[in-house]
Amino acid sequence: MQRPVEYENLIQRRALEQVSPTPGAVGGFLSNAEAFLALAKTLLAGAPVKTHPMQIFTNAYEGYHQVVQAVLEHYEVRTKEAGRAMAIARVSADLQLSTPEMSAVLRAHERRNDTCYRSPLPPLSKAEASTMVTIL
């Protein structure tokens with residue numbers, strides 16, 4: 001597998017590890033991303049149930065994370081414990097996100113992972129949730 005030098009550098013820094021490909025994984029991750037996106041869009045449009053921005057944000061973030069996983073699987077690498085943020089940043093750069101989009105994704109990752117495991121997710125605005133849906 002020929003992978004970009006940036007991924008090789010992350011392997012050398014031990015942020016990623018080389019793995020054998022899993023048949024069907026890329027398609028599975030992308031299918032999951034589409035499902036998360038469809039639900040996030042439905043919720044954003046005002047589903048028939050009362051919707052909280054957290055529900056929209058969470059589905060959009062999880063969908064984006066599935067895209068990241070698909071790219072990593074394509075390059076036959078996986079994150080290690082300390083490499084998740086670096087991997088998300090690397091894939092986001094590969095996907096040519098704009099600087100504001102990149103910033104929003106990294107803030108979303110930080111908000112989702114650094115707070116959810118220690119405390120409740122801080123309040124989110126509908127605009128923040130909508131931004132993640134647009135990026136996904």
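The legends below describe a predicted model of one protein chain, first as a whole and then in a series of close-up views.

Residues are numbered from 1 along each chain as its sequence is written, and side-chain values use heavy atoms, with hydrogens and water left out. Because the model is predicted, local features need pLDDT of at least 70 and side-chain atom pairs count only at pLDDT 80 or more, whereas totals for chains, interfaces and linings use all residues.

**View 1. The whole protein chain, with its six helices and two strands.** From the N terminus on, the elements follow the order α-β-α-α-β-α-α-α; helices (H or I, at least four residues) and strands (E, at least two) are DSSP runs, numbered from the N terminus. Along the principal axes, the C-alpha atoms fill a box of roughly 45 × 30 × 30 Å. The radius of gyration of the protein chain is 15 Å, which agrees with the value near 14 Å that a compact globule of 136 residues would have; this radius is taken over C-alpha atoms, and the globule rule is 2.2 Å times the number of residues to the power 0.38. Among contacts (heavy atoms within 4.5 Å) between residues at least 6 apart in sequence, 73% join residues at least 24 apart.

**View 2. The surface of the protein chain and its charged side chains.** The protein chain exposes about 7800 Å², of which carbon and sulfur atoms supply 54%; accessible areas come from the Shrake-Rupley method with a 1.4 Å probe, and for residues only the protein chains shown count as cover. Buried residues make up 40% of the 136 residues, where buried means under 20% relative accessible area, exposed means over 50%, and partly exposed lies in between (1.4 Å probe, protein chains only). There are 14 positive and 13 negative side chains, and the centres of the two sets lie 6 Å apart. Lys and Arg count as positive and Asp and Glu as negative, while His and the chain ends are not counted; the place of a charge is taken as NZ of Lys, CZ of Arg, CG of Asp or CD of Glu.

**View 3. The largest nonpolar core, a set of 31 residues.** A nonpolar core is a set of buried Ala, Val, Leu, Ile, Met, Phe, Trp, Tyr and Cys residues joined through side-chain atoms within 4.5 Å. The residues with the most contacts inside this core are Tyr-7, Leu-16, Phe-57, Tyr-64, Leu-72, Val-77 and Met-132. Two or more residues each come from helices H1 (5-12), H2 (25-44), H3 (53-74), H4 (84-94), H5 (99-116) and H6 (126-135), and H3 gives the most, with eight residues. In soluble globular proteins, nonpolar side chains tend to be buried together.

**View 4. The surroundings of Val-77 and the loop residue Glu-76.** When neighbours within four places in sequence are left aside, Val-77 is in contact with Arg-3, Tyr-7, Ile-11, Leu-16, Glu-17, Gln-18, Val-19 and Leu-72. Glu-76 lies in the loop between H3 and strand E2 (77-79), and at 18% relative accessibility this glutamate counts as buried. The phi angle of Glu-76 is near 60°, a positive value in a residue other than glycine.

**View 5. Two exposed loop residues, Pro-23 and Gln-96.** Pro-23 lies in the loop between strand E1 (16-18) and H2, and is exposed, with a relative accessible area of 79%. Pro-23 and Glu-73 are 50 residues apart in sequence and 9.8 Å apart in space, C-alpha to C-alpha. Gln-96, found in the loop between H4 and H5, counts as exposed at 69% relative accessibility, and its phi is near 60°, a positive value in a residue other than glycine.

**View 6. Asn-59 in helix H3 and Leu-136 in the segment after H6.** Asn-59 is buried, with a relative accessible area of 13%, and touches Phe-36, Leu-39, Ala-40 and Leu-43, not counting residues up to four places away in sequence. The C-alpha atoms of Asn-59 and Leu-43, 16 residues apart in sequence, are 9.4 Å apart in space. The C-alpha atoms of Leu-136 and Asn-59 are separated by 9.8 Å, although the two residues are 77 residues apart along the chain. With neighbours within four places in sequence left aside, Leu-136 is in contact with Ala-33, Leu-37, Ala-60, Gly-63, Tyr-64 and Val-67.

**View 7. Ala-129 in helix H6.** Ala-129 is buried, with a relative accessible area of 0%, and touches Pro-53, Ile-56 and Phe-57, not counting residues up to four places away in sequence.
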